[in-house]
Amino acid sequence: HPRVRRQRQMCIRDRNMNKVLGQVCSFMRNLDKRAVLAAVREFFNSYVFYIFETIAACLFVAAGQEVAGAVFFVALICMILLVCDDILPTTLPFLLISAFTTNLYDSYDLFIPYIRYAPAAVICLLFHFIRYRQPMKTGESAYGILAVSVAVMLGGIGRFSIMDYVRGAYYVLGLGFGMLAVYFLMRSQFSVKRNYDLRQRFSVIMTLLGLLCAFIIASGYYKRFHNIPTSYALGFSRNNISTLLMFAMPFPLFLALKRPWTALLSLVFYGAIAVTTSRGGLLFGTMEVLFCCAYWIFSDGKRILRTVLCLVSLAIIFLCFRKIILDVIYDRLLAEGAITGEVRYKMMWEAIEKFKKNPLVGFGILDQDIAYAADKKKGSMAWYHMMTSQVVGSMGLVGIAAYLFQFIGRVKLIFRNFSMWSLCLGVSYLGILLMSQVNPGEFCPLPFELLTVLLFILQERRLENDPLPLKGTRKLSL
């Protein structure tokens, strides 16, 4: 009878299912969970996974789905925080988000709906730093960050209400005591000795960041040529992308100590900066690439040959992009009123006036009474777009002393027992320091100031146990 046949088939199916489930349970019981966890952690921190992440970011950029990409990578970071006891695997996805979300002009309203998911990310962070906590460590960088934190809090004291500080907490804490707390957390995490070369791994991460930035620029020009709508006229944020490329520029040269061909990528990054039409990028990127050339030349005994190669390479870049470069020079640097008619020039004098009125602590970083306030994006602070003016106008003599103290401390870290690695990190810092003179730069807590702090955490890590020179490379000679 059909009903009896169906019942018999169901019984057979149930027996087979129970058999499969029994085999699965037996497999799970015999599985070495620690070995599996170790393999997963190793994969998340592998070069293969780094490349996968970078390709995924490129696909989100090409499809114009940067918001979806940000959600994807934040979820990935949360998963890594839960699984991995090492903070390094979260570095690349964080930097990739920082790069491609620069395409989203005035994006406060785009991302604010996702704020309701922030508690989940905070829980993942807390879980990681509690479950995988490391002994608290500190270093010389902490003193500079502490000095700046005090200057930020004292800046404009008495001029703002409690609600002003609440609304501006991201900047007040992100540039001050909040960043000091982040420093302690990261310092402890990065102080742990791992079974890989941190210098090589971090250099690969920064190189992949630079490659994504170059892709963003190429994608922007492609979309512009094909009239595909974008948030920017050029299809990308020229100043932000240039800043990230200047962070990344020296790291292929450190990789070149073992793989010489990677030195070409530093030239690719400089060429990408040249076509962004960013004045600051072109001016200060050119200064940085000269330091990069010196770094590469003095890392080997064939200095004359390398000098000639550098000069030829820079000449080729100029010839390839001379129209864009010359247009920027003549139209945005040398043209009448190009500098004096700029809002930065006006804000420079505003900073001086504010310093005269309150020379001790300035008017505070929450001050809205400057020329840029009318054009600032929703959710952002009213930047002077110049580090020097920002310090002078916002924090007065206290700020000048604090930032000078931090700068001197950082320079000392770079040159104490200096090596190819310390100089590589130093050239990267030079890039953000220069770019901060004409852009918000270090006054953006995420990603620029956080990445700057990380550079000096790596300097301190270097001095803890200075590693041996890379095999097959020459010692530094200057």
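This report walks through a predicted model, from its confidence scores to a helix pair and a handful of individual residues.

## Ground rules and confidence

Since this is a predicted model, local features need pLDDT of at least 70 and side-chain atom pairs count only at pLDDT 80 or more, while totals for chains, interfaces and linings use all residues. Residues are numbered from 1 along each chain as its sequence is written, and side-chain values use heavy atoms, with hydrogens and water left out.

The chain comes out with an average pLDDT (the predictor's confidence in each residue, from 0 to 100) of 91, and 92% of the residues score at least 70. Watch the stretch 467-478, though: pLDDT stays under 50 there. The model has 24 contacts beyond four places in sequence for those residues, a contact being heavy atoms within 4.5 Å. Where pLDDT is low, don't read the predicted coordinates in detail.

## H15 against H17

Helices here are DSSP runs of H or I with at least four residues, and strands are E runs of at least two, numbered from the N terminus. Helix H15 (residues 263-274) packs on helix H17 (residues 303-320) at an angle of about 30°, and their axes are 10 Å apart. The axes are lines fitted to C-alpha atoms, for helices over the stretch in contact, with angles running from 0 to 180 degrees between N-to-C directions. So H15 is roughly parallel to H17 (under 35 degrees is roughly parallel, over 145 roughly antiparallel, 65 to 115 roughly perpendicular, and the rest oblique).

H15 and H17 cross in a right-handed way; that is, the near helix is turned clockwise from the far one by less than a right angle, while anticlockwise would be left-handed. From H15, the contact uses Leu-267, Tyr-270 and Gly-271; H17 brings Ser-313, Leu-314 and Ile-317. By type, that is four nonpolar residues, two polar and no charged. For this tally, Ala, Val, Leu, Ile, Met, Phe, Trp, Tyr, Cys and Pro are nonpolar, Asp, Glu, Lys and Arg are charged, and the others, Gly among them, are polar.

## Two residues on H4

Helix H4 (residues 66-83) carries Cys-78, and Ala-75 sits in H4 too. Cys-78 counts as buried because its relative accessibility is 14%, whereas Ala-75 is partly exposed at 46%. The cut-offs are under 20% relative accessible area for buried, over 50% for exposed, and partly exposed in between (1.4 Å probe, protein chains only).

Setting aside residues up to four places away in sequence, Cys-78 touches Ala-121 and Cys-124. Its C-alpha atom is 8.9 Å from that of Ile-123, 45 residues apart along the chain. Ala-75 and Ala-120 are also 45 residues apart, with 9.6 Å between their C-alpha atoms.

## A buried loop asparagine

Asn-103 belongs to the loop between helix H5 (91-100) and helix H6 (108-111). At 8% relative accessibility, it counts as buried. Beyond its neighbours within four places in sequence, Asn-103 contacts Val-61, Glu-66, Ile-216, Ser-231, Tyr-232, Gly-235, Phe-236 and Ser-237.

## Backbone oddities

Two non-glycine residues have a positive phi: Thr-277 at about 70° and Asn-417 at about 50°. Thr-277 is in the loop between H15 and helix H16 (279-297) and is buried, at 15% relative accessibility. Asn-417 is in the loop between helix H20 (387-415) and helix H21 (420-435) and is exposed, at 54%.

There's also a cis peptide bond between Leu-446 and Pro-447, with omega about 0°. Pro-447 is part of helix H22 (residues 445-464).
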